[in-house]
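Please read this briefing alongside the sequence and the coordinates. The points are grouped by topic and follow the chain's overall organisation, its helices, its sheet and its core.

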Amino acid sequence: MAGVPDKAAGAFRTIGELSRETGLPQHILRYWETRFPQLRPLQRAGKRRYYRPEDVALVARINSLLNHEGYTIRGVQKLLSDERKRVPMNQAAPRAAGRADIGAIRKVRDSLAEALADDSSRA
């Protein structure tokens, strides 16, 4: 990519930019969108695709599995599908921990409110 400044890691990428970064032809990226439901770039007017950082990471992973590790398209589909089914169970624990944190934050808030009330009544 000589002459083209690098984008920030969190920036969206067009299909052309992603194609240049990965070395994959654009038609392969469009084909993968039809085969992997997890790969859904944003599409703006004129069907212009914008790949989010997580889409870029998924493309790199799919490329690695298909072209370096010897998986078939169906094998990658199954692998990604199985991982997707496991994710909600793994995310349940952080949500429960978040609820406990909210309770602790409310206790701190209430104690601060009491301290402010005491302080203002003394003045």
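Of the 123 residues of the protein, 20% count as buried. The model is a predicted one, with a pLDDT that averages 84 over the protein and reaches at least 70 in 84% of the residues. Among contacts with a separation of 6 or more, 46% are between residues 24 or more positions apart.

**Architecture and confidence**

- The protein has 4 helices and 3 strands, and from the N terminus on these elements run β-α-α-β-β-α-α.
- Confidence is highest in helix 2 (residues 26-35), with a mean of 96, and lowest in helix 4 (residues 73-122), where the mean is 76.
- As a general caution, predicted coordinates should not be read in detail where pLDDT is low.

**The sheet and its loop**

- The 3 strands form an open sheet in the order 1-3-2, and their pairing is antiparallel; strand 1 (13-14) and strand 2 (42-43) are the edge strands, each of which pairs on one side only.
- Strand 2 and strand 3 (residues 49-51) run antiparallel and are joined by 2 bridges, and within this pairing Leu42 has Tyr50 of strand 3 as its bridge partner.
- The loop between strand 2 and strand 3 contains Lys47, a residue other than glycine that nevertheless has a positive phi, near 60°.
- Lys47 counts as exposed because its relative accessibility is 61%, which is above the 50% cut-off for that class.

**Helices 1 and 2**

- In helix 1 (15-22), the buried residues are Ile15, Gly16, Leu18 and Ser19; they lie on the same side of helix 1 because they cover an arc of only 165° around the axis.
- These buried residues of helix 1 pack against strand 1, helix 2, strand 3 and helix 3.
- Helix 1 is followed by Gly23, which has a positive phi, near 80°.
- Helix 2 has Leu29, Trp32 and Glu33 as buried residues, and these share the same side of helix 2 because the arc they cover around the axis is only 105°.
- The other side of helix 2 carries His27 and Thr34, both of which are exposed.
- In general, residues three or four places apart point the same way because an α-helix has 3.6 residues a turn.

**Helix 3 and the nonpolar core**

- Helix 3 (residues 53-67) has 15 residues and reaches 21 Å from its first C-alpha to its last, close to the 21 Å expected at 1.5 Å a residue.
- The buried residues of helix 3 are Asp55, Val56, Leu58, Val59, Ile62, Asn63, Leu65 and Leu66, a list in which polar side chains such as those of Asp55 and Asn63 appear beside nonpolar ones.
- The largest nonpolar core has 16 residues, and those with the most contacts inside it are Leu29, Trp32 and Ile62.
- Helix 1, helix 2, helix 3 and helix 4 each supply at least two residues of this core, while the largest share, 6 residues, comes from helix 3.
- Leaving aside neighbours within four places in sequence, Ile62 is in contact with Trp32, Phe36, Val76 and Leu80.
- Two residues of this core can thus be linked directly, in that Ile62 contacts Trp32 and both are listed among those with the most contacts inside the core.

Methods. Residues numbered from 1 in each chain as written. Heavy atoms only, no water. pLDDT = per-residue confidence, 0-100. Expected span 1.5 Å × (residues − 1). Buried < 20%, exposed > 50% of the residue type's maximum accessible area, 1.4 Å probe, protein only. Pairing = 2+ DSSP bridges. Core = buried A, V, L, I, M, F, W, Y, C linked by side-chain atoms within 4.5 Å. Contact = heavy atoms within 4.5 Å. Arc of directions from axis to C-beta.
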